[in-house]
Each structure stands twice: as C-alpha cells, then as structure tokens.
Amino acid sequence: MKNISILGSTGSIGTQALDFIAKTKNEFKVCGLAAGTNIELVKKQIVKFKPSMVSVSNKEDSEIIQKWCNNKKYKTKVFFGKEGLIKIATIKEVETVLSSVVGAVGLEPLLAAIDSGKNVALANKESLVMAGSIIMERAKEKNVAILPVDSEHSAIFQCIGKENKKSIKRLLITASGGPFYKSNKNFSDITVEDALAHPTWKMGRKITIDSATLMNKGLEAIEASVLFGVPMDKIDILIHPQSIVHSMVEFNDGCVMAQLSNPDMTLPIQYALSYPDRKNCYIKRLDLAQVAKLEFFYPDFKKFQCLNIAYNCAKIGGTMPAVMSAANEVAVRYFLDGKIKFNMIPKIVETVIKKHKAVKTKDINKIVEADKRARIAAESAILKIR
Ligand code: MG
C-alpha cells in the first residue's frame, strides 16, 4: 500500500483522485487531506477514507470539523490555513503528495513536500509557472520525482520515457481549443456560462476559463519547458478538438511519439499515483475506429492574445511568468464573478506585465512578493476599467 496525501481534496482533481483510489481497494492509504471551505464534502471524505490529518482554509471550520470528528470518535486531527496545508504536505509516513490546489497558494506546500522527501504528483501548474527552476532544482537535490498530473505533461512524460533528452526536437502540446476556437462570436459578448461550457474535459472553473482564453495552453507550455528542460521555441501548440492525442514529442530523427486515450483525468491521476506500475483500467477504453477522425490545427495567436502573452512572458523569464499568472488569476476571478468582460482578461494581464520589471532570482520570497504586487496591480487595473 502506498501512503498518500491530497492537497485540494474537494476540487475537481482531488475528488477524481479519491474516486479512483476508492476503486483500487488496498493500493493506497489516504493519510492526509487538505481542502478549502467545502466542509460538508470534507466530512464525507473523512468518513470514507479515515485520514489521520485534515486541513481546511479557516480556523472556524477546522474547529467545527474537529468537534464533529471527536463526537464520531474519529482520530483525525484537523488543522487550518497555510500551516495546515504544509502539515498535510509533510506527514511523516506519506510517500506521494498529490498537489491539486489551484493557483499560487500551492507553491509553499509543494516546496515543503519536496523538502521532506516526498514524491509529488503535480496538478498545480501555477507553482511551476511561478518558480519552476527552483522547484526542479530542489526536487533534484532531494532526489524526489515530480510526476505531472496535467494530461498533456503526463503524455509528454510517457512519450519521453527512457529516451535521451538530447534527442528531443520539439514538444507538441495539444489543446481542445476550448469553446471558442472556431467561434466568430465577439469576445466582449462571451458570458460566464458560454466560457464554462468546455467541449471535451470536465474541470474546475478557473482552468475551464483558462482553456477558453487559451491562457491554459500558455501556462502549460511554460510548465512543459520547466518540467522537461526544453526551451519555449521548441514547444508548439496544436488545436486537436477530439482531445484523444494528449500531446506528442518529436525526436531528432523525425519520429513522433504520441500518447492517446479517451479524455478522462482519471488516467493521468492514476499514472502519477501508481507510477511506475500500470494495473487496471478505470476509464472507457479507446476505440479509434469509433473516433474515426483526429484533426489538428495551429492556434490563432492574434485571436487568443493570452497565448501570445504567455509565450512573451516566458521568453522574458525571471519573475515575469509569476506576475502574468497572478494577474490572470485575479482577472479570471473577476470574470467568473460577472464583474469584467471576457475580452478584458488579456487586457488586464497585459496592463500588469507592462508595468513589471522582471528580475532573475532564486529567492522564493521575491517571487511571492512579485505575485502579491501583481494581484494588487490587477485589482487596480480592473477598478480603472469598470
Ligand atoms: Mg492540461
């Protein structure tokens, strides 16, 4: 049995991971769960998985859950806040931590998990965008594996396998294209509902909006560059509406390796948690004759400005990707709250990055500081346009 902890247990990846674990029977023991404010779901997860430690966002909720656990005679200890997240990330008996929190909040617990020698199944792409080189160096030092849970990166990881990294010619990251790659709809008229209607993947709200603006692909290109040590000019994006090919690697000799399956996050989650083993199949098996057609197109960088912004920020490097990602998080939140229009998301991000002077740094505090300032700058840019 593998002992694991999940950061972000009530989110889209966290719940799918727990569904998968429940099906495997005796392959995994869930030792720790960290969640936000969905305390009813946390209670259900405690009943089902009996973790030794749980953490939630705030103190009041943690007290409510602790009392409830005591009444039920569960031995679960309940924590809260950033310290709580770090506790769950560093539980002594845990071997692999699944980090599936959304946004920059995932960075410090991720580093804590690495420092305490845990392998990390990583779904939190924002922390790699913020501080990728620091994370990868730290993981190398501690001799722990960073196993990508993002479907594209899981695909690339599998395609590279034991190949020599020097043999890689380019990475081809596929994108469903989101709901608007073919649409002629004016971006200012796109509603929250339109943008949340993703054609192929079932995901959390923030990433679904990022998929609609294609910022998600920009973040993923940066994530891939960091994870696999491939420069941005060797990373291309291909729109692939069927979401069957999850990404590809082209090698020097012209060989292209691809990983295919039906679009279901269970597989990349399972691969990262079970690695290096492959056991049972929990998804619908792929029938290519039934799919019949696989299409690929290059994306329109002019229409999807976020993609352009992400590539430019990655080339500048230093603190710039962190600033971009932070500004994007704020803009997406305002869009989801109905407070700004869809077409304003790239404009807000652009306003914030234009004012930022990127610095190269190995100091995590400086990156966190740049992230905080970017959030303030994004809020004030939003105030000006509203
Ligand atoms: Mg992805």
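**View 1. Three acidic side chains hold the magnesium ion.** In this predicted model, the ion is coordinated by OD of Asp-150 and by OE of Glu-152 and Glu-220, at 2.1 to 2.2 Å. Read along the chain, these donors are spaced as D-x1-E-x67-E.

**View 2. Asp-150 and Glu-220 come from distant parts of the chain.** The two residues sit 70 residues apart. Asp-150 belongs to the loop that runs between β7 (146–148) and α7 (151–160), while Glu-220 is part of helix α10, residues 215–228.

**View 3. Zooming in on two of the donors: are Asp-150 and Glu-220 buried or exposed?** Asp-150 has a relative accessibility of 8%, so it counts as buried, given that the cut-off is under 20%. Glu-220 has a relative accessible area of 1%, so it is buried too.

**View 4. Here's the second largest pocket, with about 680 Å³ of space.** Its lining is made up of 22 residues. Ile-146, Phe-157, Gly-161, Lys-165 and Tyr-275 are the ones closest to the pocket centre.

**View 5. Who builds the wall of the second largest pocket?** At least two lining residues come from each of α6 (125–142), β7, α7 and α10. Helix α6 gives the most, with four residues. Sorted by class, the lining of this pocket holds 14 nonpolar, three polar and five charged residues. If you're hopping back to the metal site, α10 is also the helix that carries Glu-220, one of the residues coordinating the magnesium ion.

Definitions and conventions. Residues numbered from 1 in each chain as written. Predicted model: local features only at pLDDT ≥ 70, side-chain atom pairs only at ≥ 80, totals over all residues. Heavy atoms only, no water. Donors = N, O, S within 2.8 Å, 3.2 Å for Na, K, Ca; no water. Buried < 20%, exposed > 50% of the residue type's maximum accessible area, 1.4 Å probe, protein only. 1 Å grid on protein atoms, 1.4 Å probe; cavity = no way out; pocket = protein on both sides within 12 Å on 5 of 7 lines; lining within 4 Å. Points joined across faces, edges and corners; volume = space filled by probe spheres on them. Nonpolar A, V, L, I, M, F, W, Y, C, P; charged D, E, K, R; others polar.
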